[in-house]
Amino acid sequence: MATIQHMTLDDLKTFVEQTVDERLSRWLGAFEIVEEPESDANLTWDDVRAAVERHRWTPPPGAKPSLDLLREDRDS
């Protein structure tokens with residue numbers, strides 16, 4: 001890998017994006033990007049429920065419960 005002084009702006013941006021993505025993935029876990037249907041008009045109830053399940057985020061183990069986060073936000 002080139003040193004920073006020899007990087008172009010595009011190289012530096014790519015490096016920063018990769019580093020941030022790597023650290024977020026390590027902290028939050030990997031996200032799976034699923035192709036969605038083109039039209040929402042013809043979705044069945046089962047399709048909608050499946051889409052919700054695919055997009056649901058589960059916090060990592062050891063994360064604070066949402067009630068604790070709300071209390072912290074209220075008290076700050």
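Colleague: What makes Glu72 and Lys64 a salt bridge?

Modeller: This is a predicted model, and in it the closest N and O atoms of Glu72 and Lys64 are 2.5 Å apart. The cut-off is 4 Å between a Lys or Arg side-chain nitrogen and an Asp or Glu carboxyl oxygen, so the pair qualifies.

Colleague: And why is Glu72 called partly exposed?

Modeller: Its relative accessible area is 40%. Buried means under 20% and exposed means over 50%, so Glu72 falls in between. Lys64, with 46%, is partly exposed too.

Colleague: How many salt bridges does that rule give?

Modeller: The count comes to five. One of them joins Arg56 to Glu53, with N to O at 3.2 Å, and that is within 4 Å as well.

Colleague: Why does Arg56 count as exposed, and what does Glu53 count as?

Modeller: Arg56 has 52% relative accessibility, and the line is drawn at over 50%, so it counts as exposed. Glu53 has 49%, so it stays in the partly exposed class.

Colleague: How do you know that Arg26 and Glu22 meet in a salt bridge?

Modeller: Their side chains come to 2.8 Å, N to O, and the 4 Å cut-off is met. Both residues lie in helix H1, four residues apart, about one turn of the helix. An α-helix has 3.6 residues a turn, so residues three or four places apart point the same way.

Colleague: Which of the classes, buried or exposed, does Arg26 belong to?

Modeller: Arg26 is exposed, because its 59% is over 50%. Glu22 has 48%, so it is partly exposed.

Colleague: What makes the length of H1 agree with a helix?

Modeller: H1 has 20 residues, and at 1.5 Å a residue they should span 28 Å. The end C-alpha atoms are 28 Å apart, so the two values agree. After H1 comes Gly29, with a positive phi near 95°.

Colleague: What else does the chain have, in helices and strands?

Modeller: There are three helices and zero strands. Read from the N terminus, the order is α-α-α.

Colleague: What makes Val16 fit in the nonpolar surface patch?

Modeller: A patch residue needs over 30% relative accessible area, and Val16 has 42%, so it passes that test. Val16 sits in H1, residues 9-28. Its partners in the patch include Leu12, Phe15, Val20 and Trp27, and the patch is about 780 Å².

Colleague: How much of the chain is buried?

Modeller: Just 3% of the 76 residues. The chain exposes about 7,400 Å², with carbon and sulfur atoms supplying 56% of that area.

Colleague: What joins the side chains of Thr3 and His6?

Modeller: A polar contact of 2.8 Å, and the limit for such a contact is 3.5 Å, so it counts. Thr3 is in the segment before H1, and at 45% it lies between 20% and 50%, so it is partly exposed.

Colleague: Which elements have the lowest and highest mean pLDDT?

Modeller: H1 is lowest with 88, and helix H3, residues 66-75, is highest with 90. Over the whole chain the average is 84, and 87% of the residues score at least 70. Where pLDDT is low, the predicted coordinates should not be read in detail.

Key: Residues numbered from 1 in each chain as written. Predicted model: local features only at pLDDT ≥ 70, side-chain atom pairs only at ≥ 80, totals over all residues. Heavy atoms only, no water. Patch = residues over 30% accessible without salt bridge, like charges linked within 9 Å, V, L, I, M, F, W, Y side chains within 5 Å. Areas by Shrake-Rupley, 256 points an atom, 1.4 Å probe, with all protein chains shown as cover. Helix = DSSP H or I, 4+ residues; strand = E, 2+ residues; numbered from the N terminus. Buried < 20%, exposed > 50% of the residue type's maximum accessible area, 1.4 Å probe, protein only. Expected span 1.5 Å × (residues − 1). pLDDT = per-residue confidence, 0-100. Polar contact = N/O pair within 3.5 Å; in protein donor to acceptor, adjacent residues only side chain to side chain.
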